[in-house]
Amino acid sequence: MSIVRPVVESESVSFTDLSRNPKAVAARAAALGCLRVTHRDAPDMVLTTAIHAERTEENLTTASRLFLALMKQDEGAKSLLLALPEVFPWVRHLDGEEVREFTVELLDALSDAAELGAREAVHRAIVSWRATARINADPDQLREALRPLGDVDLGPVEVHE
């Protein structure tokens, strides 16, 4: 997941505009740093300069390394754990061990995104733990999730590598 400054609606052009006038669109993207290119039949894209993309990657790497260094110190780890509910209010539905697991998984994912280009890792960690918090927050869902399966055979499990 690359962290790119969100582009507001006024900072977008259509794919048709890009194909009809690429120089003007490129100049606008260079002036803004990045520009959303909307496409009717495909996902939107972001057009950016190489230096803007490099700085974004540098920022992610720096933040990731800083958080990992903080986690190695008792006070730093404590501060991160205390700050987590402000960033992710739904962590209040996780128990203490789950919050610690989420923190470690999130920081590992940030590191993977920064160091390996594994861009989906952070998103996957957040979405997965938010789903856990959602289940924990709903007594009916939690009860259902914790219900023993008994003799139910759910079939073979496929492992994708």
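The legends below describe close-up views of a predicted model. In this predicted model, local features need pLDDT of at least 70 and side-chain atom pairs count only at pLDDT 80 or more, while totals for chains, interfaces and linings use all residues. Residues are numbered from 1 along each chain as its sequence is written, and side-chain values use heavy atoms, with hydrogens and water left out.

**View 1. Strands β2 and β3 pair in an antiparallel arrangement.** Strand β2 covers residues 34–38 and strand β3 covers residues 45–48, with four bridges between them. Two strands count as paired if DSSP finds at least two bridges between them. Helices (H or I, at least four residues) and strands (E, at least two) are DSSP runs, numbered from the N terminus. C34 has T48 of β3 as its bridge partner. The connection from β2 to β3 is a hairpin of six residues.

**View 2. R55 and E58 form a salt bridge in helix α3.** A salt bridge is a side-chain nitrogen of Lys or Arg within 4 Å of a carboxyl oxygen of Asp or Glu. The whole structure holds seven salt bridges. Here the N to O distance is 3.9 Å. Helix α3 spans residues 50–71, and because R55 and E58 are three residues apart in it, about one helical turn separates them. Relative accessibility is 45% for R55, which is therefore partly exposed, and 43% for E58, which is also partly exposed. Buried means under 20% relative accessible area, exposed over 50%, and partly exposed in between (1.4 Å probe, protein chains only).

**View 3. E97 and R100 form a salt bridge in helix α5.** The N to O distance is 3.5 Å. Helix α5 runs over residues 96–116, and the two residues are three apart in it, about one turn of the helix. E97 is partly exposed at 42% relative accessibility, and R100 is partly exposed with a relative accessible area of 42%.

**View 4. D140 and R143 form a salt bridge in helix α7.** The closest N and O atoms are 2.4 Å apart. Both residues belong to helix α7 (residues 139–146), where three residues, about one turn, separate them. D140 is exposed at 51% relative accessibility, and R143 is exposed at 54% relative accessible area. Side chains of opposite charge can pair when their charged atoms come close.

**View 5. L149, V152 and L154 make up a nonpolar surface patch.** Together these residues have about 310 Å² of accessible area, by the Shrake-Rupley method with a 1.4 Å probe; for residues, only the protein chains shown count as cover. Patches are made of residues with over 30% relative accessible area and no salt bridge, with like charges joined within 9 Å and nonpolar side chains (Val, Leu, Ile, Met, Phe, Trp, Tyr) within 5 Å. L154 lies in the segment after α7 and is exposed at 67% relative accessibility.

**View 6. The largest pocket has a volume of about 290 Å³.** Of its 13 lining residues, F67, V87, F88, L106 and L110 are the closest to the centre. On a 1 Å grid over the protein atoms alone, a pocket is an open set of points where a 1.4 Å probe fits, with protein on both sides within 12 Å along at least five of seven lines; lining residues have an atom within 4 Å of a point. Grid points are joined across faces, edges and corners, and the volume is the space filled by probe spheres set on the points. Helices α4 (74–87), α5 and α6 (121–137) each supply at least two lining residues. L106 sits in helix α5 and is buried at 9% relative accessibility.
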